[in-house]
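Student: Hi, I've got a structure to look through. Could you walk me around it?

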Amino acid sequence: LMSYTISGSTLKLSSFKTSVASPQEVGKTIRLSASATGNGTVKYQFYVLLNGTQVAKSSISTAKACSWTPSKAGTYTLKVSATDSTGKVVSATKTYVINNALKITSFTTSVSSPQKPNTSITLQVAATGGTGTKTCKFTYSLNGGTAVTIKSYDAMNFATWKPTKAGTYTLKAYVKDSVGKIATKTMSFVISNPPTITAF
């Protein structure tokens, strides 16, 4: 009497994941991982492509994960190939978006410092990068005191500020993208009382 073992195992890729969801910013390290079952030892290889051109590739090994740190914004294709000991190969891909980091490029006032009290001053901010729609917020603090909101987050990138007291103000602009990343920029602005004219 002889016994036989019939192996009906087929190669199957059960998962292909990233450590953080798309989109992310340039410079963020992203871990790619996969899991497969098949005959014998399964080996993995990970690829990163941008506009159809391969920009990164891991070595073929039993390691189920690798790390990737993008240096350029764009829409990437991430790919994993799994190979079992019989030479069968299975692969999977996913799309992943990388944006430039959110950055404030300018923060300006409609008039230069110094100004007298009760002057209407328009603050304006511009930013690049980030993900989705941006919203803006402005605050001031007087002589190093507590910050006061001039305008809460909304789609407008400007606000009108009318200081009533003399002193040295710290103005701060905030820009937030749709995934909650925030960029900030500050400036100092002096409000001074006009000189007293003495009659002779």
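Tutor: Happy to. Strands here are DSSP runs of E, at least two residues, numbered from the N terminus. Keep in mind that this is a predicted model.

Student: Thanks! Then where does P23 lie?
Tutor: P23 is in the loop between β1 (12–18) and β2 (24–25). The peptide bond leading from S22 to P23 is cis, with omega near 0 degrees.

Student: And which residues does the bond with omega about 0 degrees at P114 join?
Tutor: That cis peptide bond joins S113 and P114. P114 sits in the loop between β9 and β10.

Student: Switching to the sheet with β9 and β10, what is the strand order?
Tutor: It is an open sheet of three strands, ordered β9-β10-β13, and the pairing is antiparallel. β9 (103–109) and β13 (158–161) are at the edges with a single partner strand each, so one side of each has no neighbour in the sheet. On average, neighbouring strands are turned by 20 degrees against each other, ignoring direction.

Student: How many bridges join β10 to β13?
Tutor: Four bridges link β10 (residues 121–128) to β13. In this pair, L123 stands opposite A159 of β13.

Student: New topic: what about phi at N51?
Tutor: N51 is not a glycine, yet its phi is positive, about 55 degrees. N51 belongs to the loop between β4 (43–50) and β5 (53–57).

Student: Is N51 buried or exposed?
Tutor: Exposed, because N51 has 69% relative accessibility and the cut-off for exposed is over 50%.

Student: And what is phi at N143?
Tutor: Positive, about 50 degrees, although N143 is not a glycine. N143 is in the loop between β11 (135–142) and β12 (148–154), and at 55% relative accessibility N143 counts as exposed.

Note on methods:
Residues are numbered from 1 along each chain as its sequence is written. This is a predicted model: local features need pLDDT of at least 70, side-chain atom pairs count only at pLDDT 80 or more; totals for chains, interfaces and linings use all residues. Side-chain values use heavy atoms; hydrogens and water are left out. Two strands pair if DSSP finds at least two bridges between them. Axes are lines fitted to C-alpha atoms, for helices over the stretch in contact, and angles run from 0 to 180 degrees between N-to-C directions. Buried means under 20% relative accessible area, exposed over 50%, partly exposed in between (1.4 Å probe, protein chains only).
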